[in-house]
Amino acid sequence: MRKIFILLSLVALLASCDKNAFTVNGTVEKGFNIGDTVFLQYIDNGRIVTLGREAVKNGQFKIKGSSEKPRLCYLSSIVGGKIRTSAEVYVEPGNIELSLGVKRNKVAGTPLNTNLQEYKDSIDILDIMFKQYYDKSKHEFLSQKAAEEADKAMKVLSIVRSQYVERFLEKNIDNEVSCYILSNNIETLSPETGAKLIARMPAELKADTLVRHIERTFHNKIATAEGKIFTDFKAITNDSKRVQFSDYVGKGKVVVLNIWSSNSRNAKREIASFKTFAEANKENVVCVSFAVDTDAAKWDKTVQQNNMWWPQISDLQGWSSRTIFAYGINLYPYNIVFDAEGRIYRRAVAFDALQSVVDEIKK
């Protein structure tokens with residue numbers, strides 16, 4: 001009797017394991033050699049965890065594994081010792097079909113991956129159309145009428161994209177794809193809409209660390225929306241003086257807060273753009289740059305090399321900064337314009353739009 005009980009227990013355990021089993025059936029485009037490797041990995045608290053790895057054989061690979069819960073993973077291919085491309089895929093029970101391309105990847109076979117691919121296909125079409133009009137709008141010899149048409153088309157596409165994201169989120173609010181969509185649209189979703197959608201998520205999804213961060217970000221965006229008075233914060237200057245944002249804002253002049261980083265790959269160009277604006281408005285606008293940095297020496301060196309003469313401040317906490325989080329900012333460069341009384345007049349202002357926004361305040 002005891003042996004039968006043990007045997008049944010083992011059978012039950014094996015059956016339980018099978019419920020979590022997945023298989024990634026992959027194909028790759030030309031350019032791979034026999035022995036090139038693909039890795040299936042996910043990130044857990046900043047640590048990379050590898051679920052599986054396999055060598056590519058005749059343009060194909062197969063990775064088998066088990067996961068207690070659906071996870072968003074990244075499949076990277078190593079060709080000649082270098083990362084060649086990567087794909088996003090959810091590991092969940094069943095057979096997952098993944099086509100790894102040089103320019104584009106496709107995933108299907110299980111519910112979450114089918115939803116993920118549907119979302120990506122639609123967003124890619126909208127983003128490609130937007131880029132075409134954006135590139136057209138920057139053409140040197142574009143007529144005024146054509147420029148206006150391109151601008152109108154971009155605004156329409158932006159609205160269509162936002163509406164599509166909201167509808168897709170509503171349809172997938174009860175599954176893990178909603179977490180992916182939220183994280184990829186944190187800057188384009190209306191914070192009010194985003195907060196309401198998160199409130200409808202199942203408890204286990206709302207408890208996800210990333211979702212909790214996004215929810216707090218949306219609430220911080222609402223608290224620092226256009227029309228709200230500025231949120232004060234403490235910082236230091238690049239010459240180590242302690243200051244507060246209230247030392248600059250709400251003093252009777254328009255203030256532009258420029259969020260930047262010396263680590264940006266486009267730092268020189270971004271600095272040059274803001275510097276041009278600062279110099280053209282030095283008499284009637286207070287420009288303040290807040291650096292998303294952690295290395296004080298590197299930050300100061302960049303400031304000196306580029307002759308950034310206007311106030312330079314930071315809390316040297318990088319992306320852990322409570323300051324940028326308090327304003328719900330998740331990217332740089334990012335510009336916020338405050339009116340003379342210290343109210344937020346406009347958020348997320350592009351460099352080439354700063355002048356017109358400041359001129360608008362003065363009218």
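## Starting on the surface

Let's begin with Ile-43, which you'll find in strand S2, the stretch covering residues 37–44. Because its relative accessibility comes to 56%, Ile-43 counts as exposed. Ile-43 also has company out there: together with Ile-48 and Tyr-74 it makes a nonpolar surface patch of about 300 Å².

## The whole chain

What you're looking at is a predicted model. The chain has 363 residues, and 40% of them count as buried. Its secondary structure adds up to 11 helices and 15 strands. Measure out the C-alpha trace along its principal axes and you get a span of about 90 × 55 × 40 Å.

The chain exposes about 20400 Å², with carbon and sulfur atoms supplying 52% of that area. As for contacts with a separation of 6 or more, 59% of them are between residues 24 or more positions apart.

## A four-stranded sheet

One sheet to look for is an open one made of four strands, in the order S4-S1-S7-S8, with mixed pairing. S4 and S8 sit at the edges, each pairing on one side only. On average, neighbouring strands here are turned by 15° against each other, ignoring direction. Helix H2 (residues 111–137) packs on this sheet, where it touches S7 and S8, and its direction makes about 145° with that of S8.

Strand S1 (residues 21–28) is worth a closer look. Six of its eight residues are buried, so S1 is largely enclosed by the rest of the structure. S1 pairs with strand S4 (residues 60–66) in the antiparallel sense, over seven bridges, and it runs parallel to strand S7 (residues 94–100), again joined by seven bridges. Phe-22 shows both pairings: it stands opposite Gly-65 in S4, while its bridge partner in S7 is Gly-94. Further along, Val-28 has Leu-100 as its bridge partner in S7.

## Ala-108, out on strand S8

Now move to strand S8 (residues 106–108), where Ala-108 has its place. Is Ala-108 exposed or only partly exposed? With a relative accessibility of 34%, it counts as partly exposed.

Setting aside neighbours within four places in sequence, Ala-108 is in contact with Asn-95, Ile-96, Glu-97, Asn-113 and Thr-114. Take Glu-97: it is 11 residues from Ala-108 in sequence, yet the two C-alpha atoms are 5.2 Å apart in space.

## Salt bridges around helix H2

The whole structure holds 12 salt bridges. One of them joins Lys-120 and Glu-88, whose closest N and O atoms are 2.5 Å apart. Lys-120 belongs to helix H2 and Glu-88 to strand S6 (residues 82–91), so this pair ties together parts that are 32 residues apart in sequence. Lys-120 itself is partly exposed, because its relative accessible area is 21%.

Asp-121 is another one to pick out. It forms a salt bridge with Arg-104, with the closest N and O atoms 2.3 Å apart. This pair links distant parts of the chain, since Asp-121 is in helix H2 and Arg-104 is in the loop between S7 and S8, 17 residues away. Asp-121 also meets Lys-106 in a salt bridge, at 3.1 Å from N to O. Lys-106 lies in strand S8, so its pairing with Asp-121 in helix H2 ties together parts 15 residues apart in sequence. Put this together with Asp-124 and you have a network of salt bridges linking Arg-104, Lys-106, Asp-121 and Asp-124. How accessible are these residues? Asp-121 is partly exposed at 22%, and so are Arg-104 at 35% and Lys-106 at 38%.

## A seven-stranded sheet

Elsewhere there's an open sheet of seven strands, ordered S10-S9-S13-S12-S11-S14-S15, and its pairing is mixed. Its edge strands are S10 (242–244) and S15 (344–346), each pairing on one side only. Neighbouring strands of this sheet are turned by 40° against each other on average, direction ignored.

Strand S9 (residues 234–237) runs antiparallel to S10, and three bridges join them. Within that pairing, Ala-235 stands opposite Val-243. Helix H9 (residues 296–305) lies across S9, S11, S12 and S13, running at about 165° to S13.

## A covered helix

Finally, find helix H4 (residues 177–184). How many of its eight residues are buried? Six are, which leaves H4 mostly covered. The buried ones are Val-177, Ser-178, Cys-179, Tyr-180, Ile-181 and Leu-182.

How values were computed:
Residues are numbered from 1 along each chain as its sequence is written. This is a predicted model: local features need pLDDT of at least 70, side-chain atom pairs count only at pLDDT 80 or more; totals for chains, interfaces and linings use all residues. Side-chain values use heavy atoms; hydrogens and water are left out. Patches are made of residues with over 30% relative accessible area and no salt bridge: like charges are joined within 9 Å, nonpolar side chains (Val, Leu, Ile, Met, Phe, Trp, Tyr) within 5 Å. Accessible areas come from the Shrake-Rupley method with a 1.4 Å probe; for residues, only the protein chains shown count as cover. A salt bridge is a side-chain nitrogen of Lys or Arg within 4 Å of a carboxyl oxygen of Asp or Glu. Helices (H or I, at least four residues) and strands (E, at least two) are DSSP runs, numbered from the N terminus. Buried means under 20% relative accessible area, exposed over 50%, partly exposed in between (1.4 Å probe, protein chains only). Two strands pair if DSSP finds at least two bridges between them. Axes are lines fitted to C-alpha atoms, for helices over the stretch in contact, and angles run from 0 to 180 degrees between N-to-C directions. Contact means heavy atoms within 4.5 Å.
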